Amino acid sequence: MRLEDNIRRVTPYVPGEQPQKKVVKLNTNENPYPPAPGVAEALRTMDADRLRLYPDPEVRMLTESLARYCQVDPEEVFVGVGSDDVLSMSFLTFFNSGKPVLFPDITYSFYKVWADLYRIPYECCPLDEKMHLRKEDYKRDNGGIIFPNPNAPTGLYEELDVIEEILKSNPNVVVIVDEAYIDFAGKPSAVSLIHRYDNLLVTQTFSKSRSMAGMRIGFAVGNRRLIGWLKDAKYSFNSYTMSWPAIVCGTEAVEDRAYFQKTTEKIIAVREWSKKKLAELGFEFPDSSANFIFAKHPEYDGGMLFSALKERQIYVRHWEQPEIRQYLRITVGTKEEMQKLFDALDEIMNK
Ligand code: PMP
């Protein structure tokens, strides 16, 4: 046996760039506004001596705050280091039948990476011609289902009746609805369904609508049995995944509902204005319910636009995957940042 034969080798997920210089950064769906004021205050007044101690392994303060926000019991909430951590743990915990897990072919590309990492077979289901999920594809024998709602990078929201149909067709496998972008949808969350479907797990994140990508907080909501299994897996890895600053700052963010609502509404307003601007420039895009817009231009190559914007210090996201290589995924920034983007596009396309 060679050394290489003993290694768990994987092709890692490639996140969007985090340039160290100042750019107009519309490439990783971060929030352009700061976190709730209570977060800054908590950081300012934090007692470093508290770091001597391990944090609460059960993360009660944050879990209880989230439970109140979601109107569920604390035993129905699981927290992790970003929703990537929660999702990774969920793949490990719930997708163990040896049957293929199903997810859309155009979706969050980390799903394939976790499946490969844990040796979970998977099959991708094509989106329909309007880029929506085809619910019929999720009615066959499978080892579990996962999709984002709204989907990424399309931004399209699926109504809860579509999700319920998928849940009803799959009572014996876990269906994960990744709601990283739900707060921008202005539509109901699947959290309201967790008491009706034993097989439903919903995940959300603090990285987008709560402006805390740098703090790494995500959570899952589901019935106690599912959450109990997730905790067992997590405590078998590491008993203290949430740092004390994350617990304190995360709780501050959840408690300030007015600020959350105000910033989320601002982003939705700028998104709707940006859709009009993009349409005027001739772009085509699915009608996003997220904090990004997935747009292509019938006359200009996606890769060319991506590079020309980057030269002008405007970063958006672009993939080489053939089905989507004409598209740019543009995060909704402030109105000023979006205006810079539109001015640059104007300049590039009028050359
Ligand atoms: N799900 C989707 C669909 C995402 O786009 C992202 C952001 N990359 C995540 C989950 C993970 O976000 P985080 O780990 O920051 O919570």
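Which residues does Y327 touch, not counting residues up to four places away in sequence? Select Y327 and look around. This is a predicted model. Y327 touches M131, F294, A295, K296, R317 and H318.

**Stop 1: Y327**

Keep Y327 selected. Y327 sits in strand β11, which covers residues 327-331. Is Y327 buried or exposed? Its relative accessibility is 10%, so Y327 counts as buried; the cut-off for buried is under 20%. Now add P153 to the selection. In sequence, P153 and Y327 are 174 residues apart. In space, their C-alpha atoms are 9.7 Å apart.

**Stop 2: the nonpolar cores**

Next, select L62, L200, F206, L309, L341 and L345. These residues belong to the largest nonpolar core, which has 89 residues. Within that core, these six touch the most other members. Zoom in on L341. Leaving out residues up to four places away in sequence, L341 touches L26, L309, I314, V316 and I330. Another core lies apart from the largest one. That second core has 26 residues, including M89, F94, A115 and A220. Select those four to find it. As a general point, nonpolar side chains in soluble globular proteins tend to be buried together.

**Stop 3: helices α2 and α7**

Select residues 60-70 for helix α2 and residues 244-255 for helix α7. How many Å apart are their axes? The axes are 9 Å apart, and the packing angle is about 20°. Angles under 35 degrees count as roughly parallel, so α2 and α7 are roughly parallel to each other. Their crossing is left-handed. Now show side chains. From α2, the residues in the contact are M61, L62, S65, L66, R68 and Y69. They meet I247, V248, G250, T251, V254 and E255 of α7. By class, this contact has 7 nonpolar, 3 polar and 2 charged residues. You have seen L62 before: L62 is also one of the residues picked out in the largest nonpolar core.

**Stop 4: helices α3 and α6**

Finish with residues 82-94, helix α3, and residues 224-235, helix α6. At what angle do α3 and α6 pack? The angle is about 105°, with the axes 9 Å apart. That makes α3 roughly perpendicular to α6, because angles of 65 to 115 degrees count as such. On the α3 side, select M89, S90, T93 and F94. On the α6 side, select L226, W229, L230, A233 and K234. The contact divides into 6 nonpolar, 2 polar and 1 charged residues. M89 and F94 of this contact are also members of the core of 26 residues.

Note on methods. Residues are numbered from 1 along each chain as its sequence is written. This is a predicted model: local features need pLDDT of at least 70, side-chain atom pairs count only at pLDDT 80 or more; totals for chains, interfaces and linings use all residues. Side-chain values use heavy atoms; hydrogens and water are left out. Axes are lines fitted to C-alpha atoms, for helices over the stretch in contact, and angles run from 0 to 180 degrees between N-to-C directions. Helices (H or I, at least four residues) and strands (E, at least two) are DSSP runs, numbered from the N terminus. Angles under 35 degrees count as roughly parallel, over 145 as roughly antiparallel, 65 to 115 as roughly perpendicular and the rest as oblique. A crossing is left-handed if the near helix is turned anticlockwise from the far one by less than a right angle, and right-handed if clockwise. Contact means heavy atoms within 4.5 Å. Ala, Val, Leu, Ile, Met, Phe, Trp, Tyr, Cys and Pro count as nonpolar, Asp, Glu, Lys and Arg as charged, and the others, Gly among them, as polar. A nonpolar core is a set of buried Ala, Val, Leu, Ile, Met, Phe, Trp, Tyr and Cys residues joined through side-chain atoms within 4.5 Å. Buried means under 20% relative accessible area, exposed over 50%, partly exposed in between (1.4 Å probe, protein chains only).
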